[in-house]
Amino acid sequence: MLRFFHQLGSPKHFYRIAGSWIPWLAAACAVLMLYGLYQGMVVAPTDYQQGDSYRIMFIHVPSAWMSLFIYVVMAAAGAIGLIWHMKLAEVIAISSAPIGASFTFLALITGSIWGKPMWGTWWVWDARLTSELILLFLYLGVMALYGAIDDKRTAARATAILAIVGVVNIPIIHYSVEWWNTLHQGPTVTKFGAPSIDIRMLIPLLVMAVAFKLFYVLVVLMRARLEVLERERNARWVRELVEAS
Amino acid sequence: MKAARKKRLYLILLIVTGVGVAAALALNAFNQNLMFFYSPSEVSAGKAPSAYPFRLGGLVTDGSVKRLANGLTTRFDVTDMDKTVSIEYTGILPDLFREGQGIVAHGKLRADGVFVADEVLAKHDEKYMPPEVAAALKASHDKGVAEAARESGS
């Protein structure tokens, strides 16, 4: 077991092992996402107040969860890279940034589309929406900073510090609806006590959440493999790999 | 763990704690500015600004929604179950606007204490359920209320 993790830390073995996982992840993700979408869009009952409009939740909520989850993963990987100088952690951290930014963007856009018919506005500057927008800027900042520094290892260290500092925003986003009055409603699933959502709506939501997690793992592994190849382009195993193909 | 690694770990923990404390102090200082709306109690207590527009949020009181004689202006009360403020709004209300629903209105207080809104947004709650479940819940609630009333009456 320990040897497996040790191997995973070396770029060469990571490239091989991740490559063998990708088809399985892709298949599982596709199955879950199709099942979740079908259950959410067709099978789940309409809402007593919002009718069918609430169904955008099956995209909006998992996206918003992922935007927070990926940020924490990115910051944790960045910290591991800083402390133990582990190259693979740096690669995972920087590969996560564009995926997290995409999920944040998706959460903001679907929220806006949901907000117009329900609240009567595309956007308000309440604490939840504003802190989520700051999260998008943090992701973009991490990506820009990484791109601005030529030496990849220096760049990885600088972005890791930015990512770690930005972690303070994560609890702010999560608790914003409890600490302050906001137009955004309070938590439904992640609160103390039973979720205030019908079980036939909750199951597709959780299925979609798992599908989105798998999607993230899939894409981050694909991006990380590419990043590893680029960084190790002068290593012998990469040259052998290229010559063999 | 090697000394150098330990040092870096402590340094990162120090950064996180420092930034966390700074953010907590800043958010605490700006607490009132981060509130999206004032509650009817705060307005009644005179905590809301009278000179410039602000937002007021609360539940629309049952039976309070009326159209004024000009046919365009709606007048209703919002409450936080403690104090109540009347709102006048001219324009189209959002679909979710109904009695018992949470709303957030933007506007100014008039001298007579009526809040004149130029925008009304509906706030929806965190509950999601099919209509038949909502109907069943309401029926059992009404039954419970009726029983309680009968018991206290007898």
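**Exercise 1. Find the volume of the largest cavity and the residues around it.**

*Solution.* The largest cavity has a volume of about 90 Å³. Before going on, note that this is a predicted model, in which local features need pLDDT of at least 70, side-chain atom pairs count only at pLDDT 80 or more, and totals for chains, interfaces and linings use all residues. Residues are numbered from 1 along each chain as its sequence is written, chains are lettered from A and ligands numbered from 1 in the order in which they are written, and side-chain values use heavy atoms, with hydrogens and water left out.

Step 1: settle the terms. On a 1 Å grid over the protein atoms alone, a cavity is a set of points where a 1.4 Å probe fits but cannot get out, while a pocket is an open set with protein on both sides within 12 Å along at least five of seven lines; lining residues have an atom within 4 Å of a point. Points are joined across faces, edges and corners, and a volume is the space filled by probe spheres set on them.

Step 2: list the lining. A:M74, A:G78, A:E90, A:A93, A:I94, A:V142, A:Y146, A:A156, A:T159, A:A160 and A:A163 surround the largest cavity.

Step 3: assign elements, where helices (H or I, at least four residues) and strands (E, at least two) are DSSP runs numbered from the N terminus. In chain A, helix 3 (57-84), helix 4 (87-118), helix 5 (127-148) and helix 6 (152-166) each supply at least two lining residues. Helix 6 of chain A gives the most, with four residues.

Step 4: sort by class. Ala, Val, Leu, Ile, Met, Phe, Trp, Tyr, Cys and Pro count as nonpolar, Asp, Glu, Lys and Arg as charged, and the others, Gly among them, as polar. That lining has eight nonpolar, two polar and one charged residues.

**Exercise 2. Describe the second largest cavity in the same way.**

*Solution.* Step 1: the whole structure holds two cavities of 30 Å³ or more, and the second largest encloses about 50 Å³.

Step 2: its lining is A:G9, A:P11, A:K87, A:L88, A:V91, A:V228, A:R231 and A:E232. Helix 4 and helix 8 (199-231) of chain A are the elements giving two or more of these residues.

Step 3: helix 4 of chain A provides the largest share, three residues. The classes are four nonpolar, one polar and three charged.

**Exercise 3. Set out the lining of each of the two largest pockets.**

*Solution.* Step 1: the largest pocket has a volume of about 810 Å³. Of its 36 lining residues, B:L59, B:G100, B:Q101, B:G102 and B:D125 are the closest to the centre. Helix 4 (131-153) of chain B gives the most, with six residues. The lining has twelve nonpolar, 15 polar and nine charged residues.

Step 2: turn to the second largest pocket, of about 680 Å³. It has 35 lining residues, with A:H60, A:V61, A:A64, A:R128 and A:H184 nearest its centre. Helix 4 of chain A supplies the largest share, seven residues. Here the division is 22 nonpolar, eleven polar and two charged.

**Exercise 4. Check the length of helix 5 of chain A.**

*Solution.* Step 1: the expected span is 1.5 Å times one less than the number of residues. Step 2: the 22 residues of helix 5 of chain A should therefore span 32 Å, and the end C-alpha atoms are 31 Å apart, which agrees.
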